[in-house]
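User: I want to go through this model and hear the reasoning behind each label. Please set the values against the definitions.

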Amino acid sequence: MNKTDIILDNIYNRKSVRQYTDKKITKEDLDKIIKAGISAPSGLNLQPWHFIVIQDKQTLIDMASIHEYAGMFKDATAGIIVLYDTKKTYPGLEELAIQDLSAATENILLATEALGLGAVWTAIHPVEKRINKLIKYFNLPENIIPFSLIALGYPLKKQEPLDKMDTTKIHWDKW
Ligand SMILES: Cc1cc2nc3c(=O)[nH]c(=O)nc-3n(C[C@H](O)[C@H](O)[C@H](O)COP(=O)(O)O)c2cc1C
């Protein structure tokens, strides 16, 4: 496969992985994953993100009780919280940050796939009770709001991506 096919294949193969082996993810791989998040585009290049990287087992287990649909954290060997820095906004365009943080989260998932790891995106924003629980758990400063919570680990089993192709959703030149 040439470079283009390898990169496209990585995008097409990304899938949500919710079961993991015990194998730990190296610091080197976590650094690469975070670098992918930071490589995302952002409106006005404000880069309104921070990342909490979780490796501690008890903290991972605690994440499962913070988010009612994040039971996979009991098995995850790492986690990443993508956070919004509300000081990094452009007046009147505060909502842009949602797109920036989504792009960073997706880049993290793509890097995870490329490294042979598995991950799943779970939403914190816009669920008030999840946001508040994480703020309290990590004692976050006033300007830092949790956005997404990603579980990571080596996949327990081989998994195919979902087939989402639906040509009726693609509109060429007109609706
Ligand atoms: C904003 C967002 C929130 C999600 N929240 C959860 C979640 O709470 N728990 C979970 O298991 N998966 C969650 N997912 C993963 C989706 O269920 C998954 O992306 C979808 O079923 C499509 O499957 P795929 O990722 O394998 O293509 C979320 C995905 C997104 C983008």
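**Helix α4 and its surroundings**

Analyst: Directly after α4 comes G116, with a positive phi near 80°. Helices here are DSSP runs of H or I with at least four residues, strands are E runs of at least two, and both are numbered from the N terminus. The model is predicted: local features need pLDDT of at least 70 and side-chain atom pairs count only at pLDDT 80 or more, while totals for chains, interfaces and linings use all residues. Residue numbers start from 1 along each chain as its sequence is written.

User: How do you know that the span of α4 agrees with its number of residues?

Analyst: The expected span is 1.5 Å times one less than the number of residues. For the 19 residues of α4 this gives 27 Å, and the end C-alpha atoms are 28 Å apart, so the two agree.

User: Why is T112 called buried?

Analyst: A residue is buried with 20 or more other C-beta atoms within 10 Å of its own, exposed with 12 or fewer, and partly exposed in between, the C-beta atoms being placed from the backbone. T112 has 25 such neighbours, so T112 counts as buried. T112 is part of helix α4, and its C-alpha atom is 27 Å from that of E95, 17 residues away along the chain.

User: What does T112 touch, and what covers the buried residues of α4?

Analyst: A contact requires two C-beta atoms, placed from the backbone, within 7 Å. Leaving out residues up to four places away in sequence, T112 touches I33, L117, G118, A119 and L152. Along with T112, the buried residues of α4 include A97, D100, L101, A104, T105, N107, I108, L109 and A111. The cover over the buried residues of α4 includes α2, β1, β2, β3 and β4.

**Core and chain**

User: What makes a set of residues a nonpolar core, and how many residues does the largest one have?

Analyst: Such a core consists of buried Ala, Val, Leu, Ile, Met, Phe, Trp, Tyr and Cys residues joined through C-beta atoms within 7 Å. The largest has 36 residues, and A76, V82, A119, I150, A151 and L152 have the most contacts inside it. At least two residues each come from α2 (27-38), β1 (49-54), α3 (57-66), β2 (78-85), α4 (96-114), β3 (118-123) and β4 (144-153). As background, nonpolar side chains tend to be buried together in soluble globular proteins. V82, for its part, touches G37, W49, F51, L101, A104, T105, F147 and S148, again without residues up to four places away in sequence.

User: How do you know that the chain agrees with a compact globule?

Analyst: The rule is 2.2 Å times the number of residues to the power 0.38, and the radius of gyration is taken over C-alpha atoms. For 175 residues the rule gives a value near 16 Å; the chain has 17 Å, so it agrees. The C-alpha trace spans about 45 × 45 × 30 Å along its principal axes. Of the 175 residues, 29% count as buried. The chain has 5 helices and 4 strands, in the order α-α-β-α-β-α-β-α-β from the N terminus.

**Loops and ligand**

User: Why does L44 count as exposed, and Q47 as partly exposed?

Analyst: L44 has 12 other C-beta atoms within 10 Å, so L44 is exposed. Q47 has 15, so Q47 is partly exposed. L44 sits in the loop between α2 and β1, as does Q47. Neither is a glycine, yet phi is positive: about 60° in L44 and near 45° in Q47.

User: Which residues does L46 contact?

Analyst: Apart from neighbours within four places in sequence, L46 contacts K88, T89 and Y90. L46 also belongs to the loop between α2 and β1, and with 16 C-beta neighbours inside 10 Å it counts as partly exposed.

User: Which peptide bond is cis?

Analyst: The bond joining H125 and P126 is cis, with omega about 5°. P126 lies in the loop between β3 and α5 (128-138).

User: What makes a residue part of the shell around the ligand, and which residues are there?

Analyst: The C-beta atom, placed from the backbone, must lie within 6 Å of the molecule. K15, S16, R18, Y69, A70, V120, W121, T122, A123 and L162 surround the ligand. Ala, Val, Leu, Ile, Met, Phe, Trp, Tyr, Cys and Pro count as nonpolar, Asp, Glu, Lys and Arg as charged, and the others, Gly among them, as polar. The shell thus holds 6 nonpolar, 2 polar and 2 charged residues.
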